Amino acid sequence: MSILLLEPLVGTAMAEWIVALVLPPLILLAILMIVSRIAWRLFGRTEAIFAAIILVLWSAFMIQMQPLRIDHHSWQILSVATALWAISWRSAVRGGATAGIAMALGVVISLEVLPMVAGFGAVLALRWARDYRQRIWLAAYMQALALTIVIAFAATRGIPAASSFCDTISLPHIGFFVIAALGTGAIAALPKLPLVMLAILFAFVGALGLGFIALSGPQCFTAPFGVLDPMVRDYWYANVMEGMPIWRQAPGEYLVAIAQMVIALFACTLLILRRRDWQRRWWQEHMLLLVVAALSTIATFRSLYFFAVIAAVPSGWLASRAVALVRDGRWFFMRAMAPLLAYLVLLPGGPITLGLEVLRSHSAANPREAAWAEMQLRASTCDLGRSTSGLAALPRSIIFSPLDVGPFILLNTPHAVVATGHHRANLAMRDVIAGLTSSPEEARAIVERRQADYVVVCTDIAEPHLLASLGGEESLVAGLLSGAPPEWLEPVDLDGPEALKVWRVRKQP
């Protein structure tokens, strides 16, 4: 939408650059304003400032807010922040509906938000359980959630777009949310019921929703990536580290994340113990959201973004208390330790990173791992954003290339590629991986079956070296990296970077 508005004024290319530069910081500003507003209402100006500082110092969060990073994660983070803000409002109808709209837009963008949809629903259900008069929160949330999902689906995809894919909102999901919303509304219209009866009714509504999924799309019970070919799952998806569980991450990543989560949970626990009445209830609800986000992070590491937004307020409060101790501490020891405490709350990754570096310096380095780490950090000389445009001079054709090179070819040339790193092209991705890791003769059959005219490899990026380590020295990609292509590939000189290799496929007579 932003590009379309700017396009008549500055042209398509410049409009895309402007939006890519400006939009991520604007989303960041909106999130910081929401988090600061919540902290200001609950505590004051100082705590609001520290809540914003906590988020800015949270590197995993800030990565998603960099200029030029046009990605769906920032919008999802904004949706979680908006829902958190909405449930703090005084109006049950307005707050519940706004939270439902925010969560609906987030889950339409990606199903990664589903645990948070359930988390906010659980918080509002808890309010209902505490006070029958608060049932409007959950009713408004569910109605707005289902209605917004239906409208967004119809506006962006429509009924003809309904398919068997369950990696995004589809008709089985819509049916579940509509049934849940209607059931919640019907239960809310009943007189006050005992909690046991209320739980039974909600369980019945949930069973109806799940039954609809079982009848209309049982494949939606599997994980979104559960249908991947084993080769694609093991060689590609298993290396998309942000989508892996927390224990699959590098120690420097998961230890920092655990420290940040422990600090936030500790701060929220202190607030529950120190507050009374409605504030204690609020922090209990906040704790529930933190636990849901923490469990999501353990299962899928990129959910740490959602945890960061929810954790910012209690962690910001704890940081402000630590700084206040420097001035107001009763004892010298307390004042002396306060700066260290503030540092640990604001930057818990510092001591962890230092400790890991010390351990690494005292341990024997694995030469292969060291070379691999160096390659990941080193800038590629291929300059794929520019050099692949040289391929445009070739006759329009299909190019067989590693998954990470494909998007640059599609963007800068009129050519097609066999596959890129997008899981719906599951079988094509399998052929690319199998072709590169197979022997040259087996690879030739795959390349010709895909009717590819050229093979393109960038030799100084990580992907082909990973495939070579998996396929062995006799694999096609190992031969291409070592400068020993098979006879059925003819080198093509495009006067580009040395690391960008292009071969023409010699067709069999």
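## Close-up views of a predicted model

The structure holds 8 aromatic pairs; rings of Phe, Tyr and Trp (its six-membered ring) pair if their centres lie within 6.5 Å. This is a predicted model, where local features need pLDDT of at least 70 and side-chain atom pairs count only at pLDDT 80 or more, while totals for chains, interfaces and linings use all residues. Residues are numbered from 1 along each chain as its sequence is written, and side-chain values use heavy atoms, with hydrogens and water left out.

**View 1. Phenylalanine 43 meets tryptophan 283.** A pair of aromatic rings is described by the distance of the centres and the angle of the planes. Planes under 30 degrees apart count as stacked, over 60 as edge-to-face and the rest as tilted. Phenylalanine 43 and tryptophan 283 are stacked, 5.7 Å centre to centre with 25 degrees between the planes. Phenylalanine 43 sits in the loop between helix 2 (12–42) and helix 3 (45–57) and tryptophan 283 in helix 13 (residues 277–299), so this pair ties together parts that are 240 residues apart in sequence. Helices (H or I, at least four residues) and strands (E, at least two) are DSSP runs, numbered from the N terminus.

**View 2. Two tryptophans side by side in the sequence, 282 and 283****.** Tryptophan 282 and tryptophan 283 form an edge-to-face pair, 6.5 Å centre to centre with 75 degrees between the planes. Are these residues buried or exposed? Tryptophan 283 is buried, with a relative accessible area of 1%, and tryptophan 282 also counts as buried, at 7%. Here buried means under 20% relative accessible area, exposed over 50% and partly exposed in between (1.4 Å probe, protein chains only).

**View 3. The aromatic cluster.** Step back a little to find Phe43, Trp282, Trp283 and Trp317, which form one aromatic cluster.

**View 4. The open sheet.** Here 5 strands form an open sheet in the order 2-1-3-5-4, with mixed pairing. Its edge strands are strand 2 (416–417) and strand 4 (489–491), each pairing on one side only. Two strands pair if DSSP finds at least two bridges between them. Strand 1 (residues 398–400) and strand 2 pair in the parallel sense over 2 bridges, and isoleucine 399 stands opposite valine 417 in strand 2.

**View 5. Placing the close-ups in the chain.** The chain has 23 helices and 5 strands, and its C-alpha atoms fill a box of roughly 80 × 65 × 50 Å, taken along the principal axes. Of its 509 residues, 46% count as buried.
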